[in-house]
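Hi,

Here is the structure I promised to pass on. Have a look at it first, and my notes follow underneath.

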Amino acid sequence: MERSDHTKVAILGAGRGGRALLDLLHQIPSIEIVGIADRNPAAPGLERARELQVPVATNVPDLVSNHGVSLILDVTGDPEMETYLHAHKPPTANVLSGSASRLLWKLIQHESKLEAELLQSEKLAGIGSFAAGIAHDINNPLQLILGLAENLAEERDLNAVHQQAQDIIEAVKRTSAICRDLTRYSRRASPHDDVLVPVNEKLDEALKIARYASSFHDIEMIKQYQPGAAVKGNPDELLHVLVNLITNAVHAMEGRGGTLTIETLLHDGQVEIRISDTGCGIDPDKLDEIFEPFFTTKAPGKGTGLGLYNVKTIVNKMHGTIAVDSRIDGGTTFTLTFPDAELVGQGSLS
Ligand SMILES: Nc1ncnc2c1ncn2[C@@H]1O[C@H](COP(=O)(O)OP(=O)(O)O)[C@@H](O)[C@H]1O
Ligand SMILES: [Mg+2]
């Protein structure tokens, strides 16, 4: 990451406004928050800063003059602060005070709402393409239920009746599990705070959903999971990322078959998720464009061109990176790398 591109920001005031700015700016990788200060040691923003590992400054003059701050956001609401800053801030630092900081906060909030809308619309558009898969997966147990019920109507042996009733119950449970998976997936990502998400479980959940969206016919699956791989983020959003990447991989192998390899790795305190296919590959000239909104090479109704754009937005928000390695007709590997890996459930392995 190029540190020179970073905007170094200091936040003065850690009340509600300061806390909200901290939360929002912290999500933007090109912004480095060099510190937050408040006269009140119990201010809510200071506690949040400690959670996010953002430095809490005990004294304003130090924060303002050190660190090569390029932007000072003053949300103290203290009229004397403005005068102080104009007298003491480094000449290269810009100050956004009071109403300007509030405006910034509102704009960022507005943008994240728009982003959430875009994510949801893309997800719903994707679900349209699930229809065939769902119909197929629901029709199989339904046919089974029909056959069993027809037998039951004629059956005289009580034991056989019990067995067939049990089979019907199982088939109905399978059908409702499909409906449950899909309703859960189609709902809006819940806006809860970041949590530790077990990656392997999410990948399995994503595979289940992706199977409705595309045909895995003639596709061999290889799973290589590093036990305990976990990342920090919103579980619904990570699921969305994984469904997108798996669906793209399967689409790339459609009609030709191939191997889908899903790997998780832990190294140097980082979690890596790799999704590889042996499909059509991506034209090197197009590699820069695939993350652009509405870039698609798929037929109308098959692709929205928003999948990778949303993937990138979410991965950035999680402070991760995404890399692509592709060869025409050789296949493609998408690698997601996330910081702050924490091992979960290690104890159960040995
Ligand atoms: N695994 C892959 N193999 C080959 N091409 C891919 C792969 N993933 C993405 N692409 C290319 O990137 C484009 C954009 O992907 P995406 O943003 O998910 O939109 P969509 O899937 O709706 O087309 C695809 O249309 C395709 O050309
Ligand atoms: Mg896609």
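**An open strand, two cores and a ligand shell**

Let me start with β7, residues 219-224: of its six residues, the number buried is zero, so this strand lies largely in the open. Do keep in mind that this is a predicted model. β7 does have a partner, as it pairs with β9 in the parallel sense over six bridges. One pairing to look up is K223, whose bridge partner in β9 is I262.

Next, the inside. The largest nonpolar core is made of 42 residues, and V199, A206, V231, L242, L245, I246 and A249 have the most contacts within it. At least two residues each come from α8 (199-213), β8 (230-233), α9, β9 (258-267), β10 (270-277), α10 and β12 (331-338). The top contributor is α9, which gives 10 residues to this core. If you click on L245, you'll find it touching I275, V311 and F334, leaving aside residues up to four places away in sequence. There is also a second, separate core of 26 residues, with A14, A20, L21 and L46 among them.

Now for the ligand. Which residues are closest to ligand 1? They are A252, T296, G303, G307 and L308, out of 21 that surround it. By type, the shell splits into 11 polar, eight nonpolar and two charged residues. Both α9 (235-252) and α10 (307-317) supply at least two residues of that shell. α9 gives the most here too, with four residues, just as it gives the most to the largest core.

Shout if you'd like to go through any of this together.

Cheers

Notes. Residues are numbered from 1 along each chain as its sequence is written. Chains are lettered from A and ligands numbered from 1 in the order in which they are written. This is a predicted model: local features need pLDDT of at least 70, side-chain atom pairs count only at pLDDT 80 or more; totals for chains, interfaces and linings use all residues. A residue is near a molecule or strand if its C-beta atom, placed from the backbone, lies within 6 Å of it. Ala, Val, Leu, Ile, Met, Phe, Trp, Tyr, Cys and Pro count as nonpolar, Asp, Glu, Lys and Arg as charged, and the others, Gly among them, as polar. A nonpolar core is a set of buried Ala, Val, Leu, Ile, Met, Phe, Trp, Tyr and Cys residues joined through C-beta atoms within 7 Å. A residue is buried if 20 or more other C-beta atoms lie within 10 Å of its own, exposed if 12 or fewer, and partly exposed in between; C-beta atoms are placed from the backbone. Two residues are in contact if their C-beta atoms, placed from the backbone, lie within 7 Å. Two strands pair if DSSP finds at least two bridges between them.
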